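Work through the following exercises with the sequence and the model open beside you. Each task is followed by a solution that proceeds step by step.

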Amino acid sequence: MGGQICAATTSARACASWISASRRTTPRCANSTIARTHLKATSRPSLASSPLHTRHRSGAIMLRRRVHSSVVAKVTQKESKTSSKGEDQPSPDDNLYVVASVAAAMATGVANRVLYKMALVPMGNYVFVLSQFQTFGYLLVYFGILAARYKSGEVTQKMLDAPDKRLFLGIGGLEAASQLLGFVGASKLPGVTLPLLSQSIIIFQLSLSYLVLKKNLEREQIIGALIVAAGVCLAAAPSDAGANIFQQADPLYIGIFVSSMLFPALASIIKEKIFADAKEKLDGKPLDIFVVNSFGSGAQAVGVLLLLPVLTSLRGLSLSELPQYVGDGLSCFQGHTPGGGTGCDGAPLLPVLYVSMNLAYNISLLNLLRSAGAVVQSLTNSSITPLTIFAFTFSIPYLQDSPDLGAQFIAGSAVLVAGLATYNLPKWKPWLTEKFSK
């Protein structure tokens, strides 16, 4: 090996000197790949410095750079596609959270409607006290959440100033009337009939949207509302095959409960106007929902108080008997029946449970709207109606055992559920098509 290297050089002495230096700096030079490469490079200096070699070397460097750039671009594009695909598809943890949110909304929704009827067992004659207790519960929760969101900056002072506060007085009066009339009617009706009768709100909402807001109605919404009405009528119609559960209910209280559904439909029209006006004032930014809920609850508390004379007159009481009525109601809420007896058994546990579950249900709906969207929330709400009817067929403490529903009532309930599905089809169709097309 050393002789070949020396033959390639011009001076044997220089070669010997170079080999000696190489051995000192690089041990075992004869067996080292690095040494051989270095020897070849130094043994042919003229090739490295030739113009032809320089051009070939420059071309090779440019080729390597182009290949490198192409590879980097392809890798970047692939990573970008993978990243966007990952963003479109929710993680298993997100899916699990949505499922848990749906289950929580359904469970609290059914429990809320059952406890609604149970709370009226001790408080049916003192719905004013129950109504105010519920309203003040809303005030504490909603204004607490609003204060926290204002402190965090999610709600701004401009949002608080945007709505016309006079409109909240209208919302408060309508929701107070709905709450009081609903309590009065529901206290005298079988619990299993309430989920069906409450769907009459769809008829009112659809009619008001067309007459007041001049909205173009979807064909499915009109058909769905008619099917819902047909289902309620079928379930409530007298039957020759046997006693119908609606035959046990006083038509007066059926009318009172159904009419109570008109007022929240009217309130929703005013809320829609508040949101639309505020969006213009906020330069397109939506108004925080807790602003409307908080001020609406405050106005509702005032509305319930103003409607107290009307409520007492419906019960055949004079204004002079009003303080006695309120005092008896507060005593009943504490579990003490005025004048003795057992009429207020279950208080204050049942009213507290109802108001707590009602708040939990509304918060779970807001959480479901935020995490899964309006379509999933609508699907969940529609499923609560048949589940509540089913729940009332069980033996429930403080409630009378539900009689045999009969085939006609069950058929009417099935028609009503089909109407709900048809009514919400414009909302569900794009979402379902997207989910099942994947």
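**Exercise 1: a loop residue**

Locate Ser200 among the helices, decide whether it is buried or exposed, and list what it touches.

Solution. Ser200 lies in the loop that joins helix H10 (194-197) to helix H11 (201-211), where helices are DSSP runs of H or I with at least four residues, strands are runs of E with at least two, and both are numbered from the N terminus. The model is a predicted one, in which local features need pLDDT of at least 70 and side-chain atom pairs count only at pLDDT 80 or more, while totals for chains, interfaces and linings use all residues. Residues are numbered from 1 along each chain as its sequence is written, and side-chain values use heavy atoms, with hydrogens and water left out. The relative accessibility of Ser200 is 14%, so it counts as buried (under 20% relative accessible area is buried, over 50% exposed and in between partly exposed, with a 1.4 Å probe and protein chains only). Not counting residues up to four places away in sequence, Ser200 touches Val258 and Met261, contact being heavy atoms within 4.5 Å.

**Exercise 2: helix H15**

Compare the span of H15 with its expected value, then say how the helix begins and what covers its buried residues.

Solution. The expected span is 1.5 Å times one less than the number of residues; for the 18 residues of H15 (residues 289-306) this comes to 26 Å, and the end C-alpha atoms are 26 Å apart, which agrees. At the N-terminal end, Asp288 acts as a cap, with a side-chain oxygen 2.9 Å from the backbone nitrogen of Phe290. The buried residues of H15 include Phe290, Val291, Gly296 and Val304, and among the elements that cover the buried residues are helix H7 (127-152), helix H9 (165-186) and helix H18 (349-372).

**Exercise 3: helix H14**

Which residues of H14 are buried, and against which helices do they pack?

Solution. The buried residues are Ala265, Ala267, Ile269, Ile270, Ile274 and Ala278, and they pack against H9, H11 and H15. H14 has 20 residues and reaches 30 Å from its first C-alpha to its last, close to the 28 Å expected. After H14 comes Asp283, which has a positive phi, near 60 degrees.

**Exercise 4: aromatic rings**

How many aromatic pairs are there, and what is the geometry of the pair formed by Phe390 and Phe394?

Solution. Rings of Phe, Tyr and Trp (its six-membered ring) pair if their centres lie within 6.5 Å, and planes under 30 degrees apart count as stacked, over 60 as edge-to-face and the rest as tilted. By this rule there are 11 aromatic pairs. Phe390 and Phe394 form one that is edge-to-face, at 5.1 Å centre to centre with 90 degrees between the planes. Phe390 counts as exposed at 51% relative accessibility, whereas Phe394, at 47%, counts as partly exposed. Elsewhere, Tyr116, Phe183 and Tyr354 form one aromatic cluster.

**Exercise 5: the core**

Which residues have the most contacts inside the largest nonpolar core, and which helix gives its largest share?

Solution. A nonpolar core is a set of buried Ala, Val, Leu, Ile, Met, Phe, Trp, Tyr and Cys residues joined through side-chain atoms within 4.5 Å. The largest has 87 residues, and those with the most contacts inside it are Tyr116, Phe257, Leu287 and Phe409. Helix H6 (residues 92-123) provides the largest share of this core, 10 residues.

Conventions
Polar contact = N/O pair within 3.5 Å; in protein donor to acceptor, adjacent residues only side chain to side chain.
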